[in-house]
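Please open the structure in your viewer and keep the sequence panel beside it, so that each selection can be followed in both places. The tour goes from a sheet to pairs of helices and ends at a salt bridge.

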Amino acid sequence: MCGIFAIFSRDEEPIPSQILHGSKHNLRELAYRQSGKQRHRGPDSTGVHVIPSEGVAMVHERLRIVGVALGDQPFVSDDGHLVLVANGEIYNYLELARDIAKRRGSYNPKSDCHVILELYRDYGVELLQHITGMFAFALYDRRTKQVLLARDPVGIIPMYVGEDKEGNLWVSSEMKCLVDTCPKVETFTPGEARFGRVGELKTCWRFEQNWIQEVPIQPCDLTLLRTTLEGAVRSHLHCDVHFGALLSGGVDSSLIASIATKIMRERDPNYRLKTFSVGLKDAPDFKAARHVAKYIDSDHKEIIFEIDEALDGIRDIVYHLETYDVTTVRCSLPMLLLARYIKSTGIKMILSGEGADEIFGGYLYFHKAPNYKDFHEELVKRVQQLHLSDCLRANKVAMAKGVELRVPFLDTGFVNYVMQIRPEDKIPGPLNQFGGEQEKRLEKYVLRAAFADNYLPDDVLWRQKEQFSDGVGYDWIDSIRRVATSHVTDEEFAEAALRFPFNTPTTKEAFYYRSIFAEQFPGESAARTVVRWVPRLDWGCPEDPSGRAQAVHQVHKD
């Protein structure tokens with residue numbers, strides 16, 4: 001995983017030097033400087049490719065994970081006509097490389113993302129029908145002066161586009177590279193590709209599935225669910241560096257760690273996965289995480305943090321996240337401390353359990369869903385907004401410290417299978433009808449049931465959902481709320497609607513994060529890239545996103 005950056009001239013003519021922050025920059029200098037704001041995403045190398053006569057600059061900040069020796073970007077085709085900067089992992093690249101070799105006679109990919117360049121030569125924009133993975137990329141075709149931009153179906157990998165005052169197109173993994181040069185910025189839509197000349201880009205591909213528009217009727221097959229997730233984890237294990245797994249003690253991260261351990265022990269029966277937990281002293285998650293670590297015999301490490309230590313990073317985390325969403329800020333600060341520690345151990349890739357709550361209905365407020373149709377439609381909404389919340393947090397916090405985070409639950413094939421399961425089998429509470437028997441069941445029941453045979457201890461497998469920001473220690477939420485609130489006076493908060501007419505903060509905590517964001521990312525265009533994560537108020541849920549605020553929450557005590 002890396003950082004990508006590009007500038008494309010609006011008329012394919014040279015872009016003249018310009019003044020930025022009092023200094024004159026030619027195109028290469030401008031691109032290098034602005035991409036530098038996300039250089040934390042690629043601490044191993046920076047690659048720059050500039051075509052001055054056509055007003056094109058493409059920059060790649062690399063974190064070497066796959067194809068360590070040969071995979072530095074930007075990639076340029078042998079004939080010099082195609083230039084690519086790509087961020088992510090193409091999980092089926094070995095299969096694609098074999099197919100390319102058959103057509104060409106021989107082909108050795110420089111890295112997993114290199115196949116994108118070769119597939120474009122063969123299929124053009126139809127290449128998106130062939131790749132599976134998490135990705136965001138920009139490709140420039142010098143022959144036609146056309147640009148291809150694309151982002152993976154769920155939006156695991158971030159990408160933003162902007163337009164400067166001259167109408168030039170800017171592309172970046174993080175918005176911070178764009179806001180001081182582009183009055184107009186936007187989040188690039190997940191599951192979409194755009195193709196054409198600058199100013200004439202048209203959508204040429206969309207991720208489309210029946211479950212997005214229709215309520216599914218397919219019953220859950222526990223065996224198929226289990227084998228599909230195991231296949232997703234297997235595909236996510238390919239890398240050329242040391243890796244580990246996050247282990248919160250919740251069912252999601254615990255299952256990923258357990259499955260990964262079983263797969264790695266097929267080759268090495270003595271393999272011990274490195275696992276990591278973070279929390280305050282005596283955090284609810286620690287006891288469960290220790291139990292799982294002992295059960296799967298992982299090499300486990302607990303990172304204990306102090307409240308003040310995490311609170312010091314509030315301004316930093318808003319900058320890295322590029323959001324003012326309360327839920328995302330709350331849970332990201334402990335994760336930032338964890339990512340820093342993981343990086344210090346030499347690990348570059350980490351597995352995590354993000355995505356399960358969205359596709360299975362794991363959040364506690366889903367117990368309030370009034371019927372199957374509303375439940376499924378809320379799942380679809382949550383999946384489509386993952387790039388604004390959990391995926392944004394997981395990617396940007398880990399990459400802030402140069403660590404790649406992979407999310408097997410969001411493997412495209414697995415998402416499609418789970419989202420095609422009828423809501424009667426997934427809905428938590430008394431409406432659940434799995435197996436044709438209606439009875440009250442725990443959230444994510446079918447996921448737990450699919451892995452009931454020797455994957456996790458029963459008390460973890462059947463443990464109630466504990467949101468990460470709660471599980472690291474209940475005092476954490478209370479403390480960050482109190483400290484953030486203390487920075488906002490009653491008089492300031494009374495003017496919230498005047499100062500922030502869009503996404504007006506409804507609490508002093510939200511007002512504080514929004515004020516920091518506005519300072520770091522000024523302008524309405526940047527503010528509109530954020531969508532707040534809140535439970536369904538029309539279902540009778542409280543507005544506070546903490547799992548503890550939901551009526552069904554049970555306090556976990558030692």
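In what order do the strands of the open sheet of six strands lie? Keep in mind that you are looking at a predicted model, and select the strands one after another in the order β4-β5-β1-β11-β10-β12, which is how this open sheet is arranged, with antiparallel pairing. The strands at the edges are β4 and β12, each of which pairs on one side only. From one strand to the next, the twist averages 10°. As a general background to this view, strands of a sheet pair through backbone hydrogen bonds, either parallel or antiparallel.

**One edge of the sheet: β4 and β5**

Select residues 45-51 for strand β4 together with residues 56-62 for strand β5, and you will have an antiparallel pair joined over seven bridges. Within this pair, colour H49 and then look across to β5, where M58 is its bridge partner. Next, follow the chain through the hairpin of β4 and β5, where four residues lie between the strands and G55 takes a positive phi near 65°.

**The other edge: β11, β10 and β12**

Now select strand β11, residues 169-172, which runs antiparallel to β10 and is joined to β10 by four bridges. Which residue in β11 stands opposite G162? It is W170 that you will find there, and V161 likewise has a bridge partner in β11, namely V171. The two strands β10 and β11 form a hairpin with five residues between them, and in the turn you can select G167, which has a positive phi of about 90°.

Add strand β12, residues 184-187, and you will see that β12 pairs with strand β10, residues 160-163, in the antiparallel sense over four bridges. To find one of these bridges, select E163 and then K184, its bridge partner in β12.

**Two helices that cross: α9 and α13**

Leave the sheet and select helix α9, residues 314-321, with helix α13, residues 390-400; their axes come within 9 Å and cross at roughly 115°. This angle makes α9 roughly perpendicular to α13, and the crossing is right-handed. Show the side chains of I317, H320 and L321 in α9, which meet L392, R393, K396, V397 and A400 in α13. Sorted by class, the residues of this contact are five nonpolar, one polar and two charged.

**A second pair: α5 and α14**

For another pair of helices, select α5, residues 222-236, and α14, residues 412-419, which pack at an angle of about 160° with their axes 9 Å apart. Are α5 and α14 roughly parallel or roughly antiparallel to each other? Angles over 145 degrees count as roughly antiparallel, and α5 and α14 are therefore roughly antiparallel to each other. Their crossing is left-handed. Here L224, L225, T228, L229 and A232 in α5 meet G413, F414 and Y417 in α14, and this contact has six nonpolar, two polar and no charged residues.

**A last stop: a salt bridge**

The structure holds 43 salt bridges, and one of them can be found by selecting R340 and E309, whose side chains meet at 3.8 Å, N to O. R340 lies in helix α10, residues 326-344, and E309 in helix α8, residues 307-311, so this pair ties together parts that are 31 residues apart in sequence.

Note on methods
Residues are numbered from 1 along each chain as its sequence is written. This is a predicted model: local features need pLDDT of at least 70, side-chain atom pairs count only at pLDDT 80 or more; totals for chains, interfaces and linings use all residues. Side-chain values use heavy atoms; hydrogens and water are left out. Two strands pair if DSSP finds at least two bridges between them. Axes are lines fitted to C-alpha atoms, for helices over the stretch in contact, and angles run from 0 to 180 degrees between N-to-C directions. Angles under 35 degrees count as roughly parallel, over 145 as roughly antiparallel, 65 to 115 as roughly perpendicular and the rest as oblique. A crossing is left-handed if the near helix is turned anticlockwise from the far one by less than a right angle, and right-handed if clockwise. Contact means heavy atoms within 4.5 Å. Ala, Val, Leu, Ile, Met, Phe, Trp, Tyr, Cys and Pro count as nonpolar, Asp, Glu, Lys and Arg as charged, and the others, Gly among them, as polar. A salt bridge is a side-chain nitrogen of Lys or Arg within 4 Å of a carboxyl oxygen of Asp or Glu.
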